[in-house]
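Colleague: I would like to go through this model one point at a time. Please give the cut-offs as the terms come up.

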Amino acid sequence: MSPFTGKTLEDKQPGVALSGDYWRPDGRPDPLGESGRQGIGAPLSRIDGAQKVTGGARFAGEFRFDGMLYAALAYSTIANGRIVGIDTRVAESMEGVALVMTHENAPRLNTPPVFLRSPDGAAGDDHPVMQNERVHWNGQPVALVLAETQEQADAAAESIHVAYATESAMTDFEMAKTQAHEPDNVLGGPAEIRVGDADAAFETATHRIDATYTTPRHNHNAIEPHAVTLAWEGEGGNETLRIHDASQCVDLAVASLAEVFGIDASRIHITSPFVGGGFGGKTLWQHQILAAAAAKLAGRPVRMSLTRKGVYRVVGGRACTEQRVALGADDQGRLTALIHSGIAAMTRHNNLPEPFTQATKCLYGADNIRLAIEVADMHMLANTFMRAPGESVGTFALESALDELAEQLGMDPIELRKRNEPERDPTSGLPFSSRHLLEAARAGAERFGWSERASQPGSRREGEWRIGLGCATATYPYMRMPGAAARITLDAEGATVAIAAHEMGMGTATVQTQVAAARLGLPVERIRFRYGDSLLTGRVLAGGSQQTAAIGGAVIAAQRALVDELLGLVDADSPLAGLSPAQVECRDEGLGVVGDDSRFETYRQILARAERAELVAEADAADSEELANWSMHSFGTIFCEVGVSEVTGEIRVRRLLGSFDCGRILNAKTAASQFRGGMIMGLGLALMEETLFDSRSGRIMNPSLADYHVPVQMDVPEIEVMWTDIPDPHTPMGAHGIGEIGITGVGAAVANAIYNACGKRVRDLPITLDKVM
Amino acid sequence: MKWTINGHVREAEVDFRTSLLDLLREHFQLSGTKKGCNQGACGACTVLLDGQRINACLALAVQVQGRDIMTVEGLAEGDALHPIQAAFVEHDGFQCGYCTPGQICSAVGLAEEFERGLPSAVTKDLVASDIEPSHDELRERMSGNLCRCGAYNGIVAAVADSLGREVRR
């Protein structure tokens, strides 16, 4: 039984289809996008705040089962080859050790379905998990130990000796690049996009910039390492796999695990009420599969908390890229050619070419455009989604190049962008659903004091510090993936909204409580938002900045179903008798006639009259038709002031401002934090983050928070954020997701500010002090 | 072995390899103290040992026997949050909440360090008896606690608020 819903596995109902719908039957925008409607946008503090500040919030590695064993992993030290012998005798003889699992005794498992390749795929790659002697990357788990305590398991894992037959491995990106090739697809679309003939236009352009930008590997480094506590419950043949996971895709993970273990999805139950940061990394990797397999073999529950190093070995990060941006422009700064191409590292076993041209598709109205991504196959842990995959590193290249062009033209960088503002999406030809980039840029520039920028690099000094300002455009698409569904349960206490969605710190639980309150006309205190449980309805990925819209669309559908149900309950005595759904609205804790305050009945009255304790409505979200009709993106401009020390080359970010256009903002407090958090990860990308990959061995050499540098408090100035708050008429609540846009543009804004400070153009991330000396 | 944890004497027999962090999390089910790196790099495991902040992952349980340990679970009085906890909620000093207990324990330790007049790497006058809790002082002193969600602005605002003194930018 679910601790959150009180429901059992059998209760999960398929949603009621409500396809081909629009936000309202009359085709008008969602009224929740209207300004200030019932607390939309209010800076409500997080509803789970008290749990988080008291230590009461329990994460995946903090649940317990009776008789639970602790797991530890041993990892391969070669990048390609075969295991020819594993000596586990010492480990097996050690105190407290209950099981040593290798490919020789692991239960037979099916190959996991890969994310973006299979509809049920949540796995990072398609390698069989501990099923044979093959080694595919340096760091692949080769043995697992279960013991009574973590200390015993760790010590035993250290004692395992593995002999390998090493085969040649492609672990050098420079070499792999020489065999780069076009991938099958990039996020389901083509790897190359052409508008006109960009190469020819570039050759004849009056002003030209042609530069190569490189970005390193990155790791998510959520502060909570991946962990899972699980048990096979019940008797032989009918066991249920009960998993406490740290997951941003509970339903998808269930589907994938069902395939791996060859059991029905109804026999797997994942809960994930709190997730200690995800950023794209908390999907399905080998650790959950190995823990479940070992638990089956040992016949006991298992906790596997990956070490920090283990996270680097088992969970993929962002791939490195080498990008070319070539811009051709006329004397007025109009882009005549825009070429953005390059190569990203990848493996043959996953399906994510780091999509660094995504942002370039929609940003500038160049006459001729060519975008092309190639991949270089490597023997490495599969790369994966990390916050704004594509846009984060792609905007570094594109927006640096724009800055270089602005200088060549002697034009203000914002003016250059303004002159290339497109009327329609330059590659799809679709109209924009909502694009107010120039308004955001103007407001941000004014607030930041952009007019004080000296166009001549190196003009401003304070002691040993050279000061510079830079800006860059931020953008991230609006998405709403299929599969969302929601259930609303109305009772005398209020309403429970349930959906298999996730809270990793974005503020989902808080914001969706606000939205549901506004949607149902109830105070927030009377809304319970249930999420993070695979037994709940719907398939919602906390990724692609789409969760807010996906939940919003599902709740709209469920609310409409609920209104139908309520009207079905009213009898002839009710003031609502004989009305159709279009004539009523949810308000003041009940249902009332639109435009007639006198005809109204509370939910309690309706339920009481019908002698019902509760009313349940469930529905699937409408299809994502909006995406077929509109080019839908969020936008923003990042402004940065840096100081560069003439003496040491040290770079300090002194001021940072983000001005965003992301539709209706639903909670000013959590939104500000989301924007800032993305921008801070952008500072890391700009100045310090790099996963060091040994090109000889393919091993990650800095798998720790001491050696992989992320921004600390002292690296972060007070960050100002602002937003247009203009609702998108084509989305639920008029909102766009905001989890990823913050990181985009920051790399270039910092690089451009550094150039403005000291005249040094750095095209290779991270911009460490040696590169500006 | 005995420890005083959040005012209560607790006893257990543990492996000599067990860290104070694992003692809290695995033996006493005080999982409010978090494990982010287990090597002293992230600060998620910050607790107060005899009132001073330490990384619980770098202390062995046997080594701190008989000492007084305060964890995040010991700060609130029933349902009434400690002022620093309340300030973290008000200023949105967290997102996912995983680094939060460490940040809060660190902030409690920081307040006490100011009272004792302890300088930091950015303190200009090292012998001053009253060190002004400037914005830089707070950022420097909270830099041992990583927050990957990037709630740093909210964290420093919460710490400043809870100190009950004007904090100069």
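Colleague: Which residue in strand 22 of chain A does Glu585(A) stand opposite?
Modeller: The model is predicted, so local features need pLDDT of at least 70 and side-chain atom pairs count only at pLDDT 80 or more, while totals for chains, interfaces and linings use all residues. Residues are numbered from 1 along each chain as its sequence is written, and chains are lettered from A and ligands numbered from 1 in the order in which they are written. Strand 21 (residues 584-587) and strand 22 (residues 590-593) of chain A pair in the antiparallel sense over four bridges; strands (E, at least two residues) and helices (H or I, at least four) are DSSP runs numbered from the N terminus, and pairing takes at least two DSSP bridges. In this pair, the residue opposite Glu585(A) is Gly592(A).

Colleague: Which residues of strand 21 of chain A form the uncovered face?
Modeller: In a regular strand the side chains alternate between the two faces of the sheet. Val584(A) and Cys586(A) make up the covered face of strand 21. The uncovered face holds Glu585(A) and Arg587(A).

Colleague: Which residue in the hairpin of strand 21 and strand 22 of chain A takes a positive phi?
Modeller: Two residues lie between the strands of this hairpin. The phi in question is near 45°, and the residue is Asp588(A).

Colleague: Which helix gives the most to the largest nonpolar core?
Modeller: A nonpolar core is a set of buried Ala, Val, Leu, Ile, Met, Phe, Trp, Tyr and Cys residues joined through C-beta atoms within 7 Å; buried means 20 or more other C-beta atoms within 10 Å, exposed 12 or fewer, and partly exposed in between, with C-beta atoms placed from the backbone. The largest core has 309 residues, and those with the most contacts inside it are Ala71(A), Val145(A), Val750(A) and Ile754(A). With twelve residues, the top contributor is helix 14 (residues 547-569) of chain A.

Colleague: Is Asp126(A) buried, partly exposed or exposed?
Modeller: Asp126(A) is in the loop between strand 3 (97-101) and strand 4 (134-135) of chain A. Leaving aside neighbours within four places in sequence, Asp126(A) is in contact (C-beta atoms, placed from the backbone, within 7 Å) with Thr111(A), Pro112(A), Val114(A) and His349(A). Because 19 other C-beta atoms lie within 10 Å, Asp126(A) is partly exposed.

Colleague: How does the radius of gyration of chain B compare with the globule rule, and what is its value?
Modeller: Chain B has five helices and five strands, in the order β-β-α-β-β-β-α-α-α-α. The radius is taken over C-alpha atoms, and the rule is 2.2 Å times the number of residues to the power 0.38. The rule gives 15 Å for 169 residues, so chain B is as compact as a globular protein of that length, with a radius of gyration close to the rule at 16 Å.

Colleague: Which helix gives the most to the side of chain A that touches chain B?
Modeller: The contact joins 46 residues of chain A to 46 residues of chain B. Helix 1 (49-54), helix 3 (150-158) and helix 17 (668-687) are the elements of chain A that give two or more residues to that side. With seven residues, the one that gives the most is helix 17 of chain A.

Colleague: How far apart are the C-alpha centres of domain 1 and domain 2 of chain B?
Modeller: Chain B is divided into domain 1 (2-74) and domain 2 (83-163), with bounds from an automatic or database domain assignment. The distance between their centres is 21 Å.

Key: Contact = placed C-beta atoms within 7 Å.
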